[in-house]
Amino acid sequence: MQPEELQARISPKLGENLLGVEPFAGTAGRVRFRPAGALELFETVRDDLGFRHLSMVGAIDWVDHREVFYVVWSDDARQYALLSTDLAADAPHVESASGIWPSANWHEREAWEFVGVTFDHHPDLRHLLMPEGYAFHPLLRSFKLHEPEELEVKSRRV
Amino acid sequence: MWINMGPQHPMTHGLWNLRVKIDGETVIDVDPEMGFLHRGIEKISEDRHYNEVITLMDRCCYVAGLAWEHLYILSAEDALHVKPPQRAEYLRVLCDEFQRIGSHIMWYAAFVQDIGLMSPFLYGMRDRDLILDLFQSYTGARLTYEYLRVGGVRSDLPPGFTARAREVLDWLDARFGEYDQLCLGSDIFRKRCDNLGILKASDCVAHGVTGPMLRSAGMKRDLRKDRPYSVYRQLDFDVAVAEGADVTARYLVRMEEMRQSVRILRQVLDWLDQNPGPVLAENLPRWLGAPYAPIGREGYLLKRNYPKGVGFSSVEEPHGEAQAYVVNEGGEHPYRVKFRSPVFANISAARQYLVGYHVADIPPIMGSVDVCVGEVDR
């Protein structure tokens, strides 16, 4: 499958929510879409294009915006495709893919806890690798490695 | 009632907690708790030089360090537009396949002990040591190798290595039959493994399960064949598949994979004997390629205007399908590194293959998943 074919098959469904398909290292292509068209795109990609396997969901903090990318695999085409969307830096959120691909569940929990992206209608959005109540998003650029987080430790001695 | 199996429990083989909801002896819900081993490898990578990330990869999975190095290197080379020489590619496959056998033997030893058979553990560890000896002879380490480099590998093989490696392969090839006799010939093993933890192919796909678990459900999917990386296209081997999707089927798949790895390794050793050559790409900037160059200010100054790029790679790691996504913004450190751990996805589907079985079935079922907590938590 080539980027042109992806474009031709997705654009009738998605319309202006599809921003373009570009070639991407050894995959069928990188589909860039608006978050408003997320669910439609996921359904099209899984049911019409045969990408039934969601491998990974990741998020990147670009400081002025955040990016969420999805890696999907088709057993028929024996190819990966990437889906990626840009979200506003303040209150970034996108529809959860876990209703379409159950495998998205944990990946989205991880992206939420590390990059602070909220996945709407996620069935179980809570901490995965960090302890409950952890208040930071460590993979944000503003979280500096060399500045230890400030935790107030009160001495038990009076 | 909810009970905790872990973080300190013989079943876990690492540090994680499986919360289990039981009704009598039957499992009615599970909730894996991960993160006890989280070291922030993705975050630390953002503050490391490209070659320094390799050190972290060994810590990602402590039984398959070289496979994870290979994953990262493929992605980093993609992002930095570097091509390694052919001999380095064969050396990487040599690492991968020995690592696959080592990892599967480690799995075998631990898993069979969980079921109640003691001696296979001893045989397994004895045989795995031979592979670690080989690793030590050309990487200098037994667990944390740091052998692969962006643009190739650190050093060539020592004299006499291929002959020694062939002896080890002959030895191992003769052992797999014995492993089978110990397990498949044992009534205890069959009673504790047959028809347990069934996860059908359609559920595997929906929940992102890959590797031996997916192949044990009859699905012929192996990235070495489907999306050949490195030099796998030139090598002759079969994909191990089994029917049944249960614990026994996963055992059969891993055993067959080890035999196929031996087959691959024989071809690789023949090729390495006949084709001497460089093992590191030439004309790499000093900060990136030179194996012994000190990493210091001088090295850092050379690369300010390196071309930007995004690298994506995926390899068939012993546990399944691992992926790496490396964003290079032209600086000396990766801007963002994201890894997909196969075990992460395999555990996330735990509800699908544990609910409905008995509490005593959990150790064999989770054993057959081959959990490596290092790569789940990263």
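This report walks through chain B of a predicted model, its contact with chain A, and one glycine on the chain A side.

**Confidence**

Overall, the prediction comes with an ipTM of 0.84 and a pTM of 0.86. Chain B has an average pLDDT of 86, and 93% of its residues reach at least 70. Within chain B, the best-scoring element is helix H11 (residues 247–274), with a mean of 92, while helix H13 (residues 297–301) sits at the bottom with a mean of 42. The weak patch takes in residues 289–304 of chain B, where the pLDDT is below 50; leaving aside near neighbours in sequence, that stretch still makes 22 contacts in the model.

**Strands in chain B**

Let's start with strand S7 of chain B, residues 320–328. Nine of its nine residues are buried, so the strand is mostly covered. On one pairing, S7(B) runs antiparallel to strand S6 (residues 309–317) of chain B, with nine bridges between them. The link from S6(B) to S7(B) is a hairpin with two residues in between. S7(B) also pairs with strand S8 (residues 336–340) of chain B, again antiparallel, this time through five bridges.

Elsewhere in chain B there is an open sheet of three strands in the order S1-S2-S3, paired antiparallel. Its edges are strand S1 (2–5) and strand S3 (26–33) of chain B, each of which pairs on one side only. On average, and ignoring direction, neighbouring strands in this sheet are turned by 25° against each other. Strand S2 (residues 17–23) of chain B is held to S3(B) by seven bridges.

Here are the strand pairs, each with a pair of facing residues:

| Strand pair (chain B) | Bridges | Facing residues |
|---|---|---|
| S6(B) and S7(B) | nine bridges | B:Ser314 and B:Gln323 |
| S7(B) and S8(B) | five bridges | B:Tyr325 and B:Lys338 |
| S2(B) and S3(B) | seven bridges | B:Leu18 and B:Pro32 |

**A helix pair**

H11(B) packs against helix H16 (residues 362–369) of chain B, with the axes 9 Å apart and at an angle of about 30°. That angle is under 35 degrees, so H11(B) and H16(B) count as roughly parallel. Their crossing is left-handed. At the contact, B:Val247, B:Arg250 and B:Tyr251 from H11(B) meet B:Pro364, B:Ile365 and B:Ser368 from H16(B).

**Where the chains meet**

Chain B puts 28 residues into the contact and chain A puts in 23 residues. On the chain B side, the elements giving two or more residues are helix H1 (41–45), helix H8 (201–206), S6, S7, S8 and helix H14 (342–348). Which of these gives the largest share of the side of chain B that touches chain A? That would be S7(B), with four residues.

Now for the glycine. A:Gly58 belongs to strand S3 (residues 53–61) of chain A. Is A:Gly58 buried or exposed? A:Gly58 has 27 C-beta neighbours inside 10 Å, and the cut-off is 20 or more, so A:Gly58 counts as buried. Setting aside residues up to four places away in sequence, A:Gly58 touches A:Phe69 and A:Ala111 in its own chain, plus B:Tyr325 and B:Lys338 across the way. Those two chain B residues have come up already: B:Tyr325 stands opposite B:Lys338 in S8(B). As for A:Pro35, A:Gly58 is 23 residues from it in sequence and 15 Å from it in space, C-alpha to C-alpha.

Terms used
Residues are numbered from 1 along each chain as its sequence is written. Chains are lettered from A and ligands numbered from 1 in the order in which they are written. This is a predicted model: local features need pLDDT of at least 70, side-chain atom pairs count only at pLDDT 80 or more; totals for chains, interfaces and linings use all residues. pLDDT is the predictor's confidence in each residue, from 0 to 100. Two residues are in contact if their C-beta atoms, placed from the backbone, lie within 7 Å. A residue is buried if 20 or more other C-beta atoms lie within 10 Å of its own, exposed if 12 or fewer, and partly exposed in between; C-beta atoms are placed from the backbone. Two strands pair if DSSP finds at least two bridges between them. Axes are lines fitted to C-alpha atoms, for helices over the stretch in contact, and angles run from 0 to 180 degrees between N-to-C directions. Angles under 35 degrees count as roughly parallel, over 145 as roughly antiparallel, 65 to 115 as roughly perpendicular and the rest as oblique. A crossing is left-handed if the near helix is turned anticlockwise from the far one by less than a right angle, and right-handed if clockwise.
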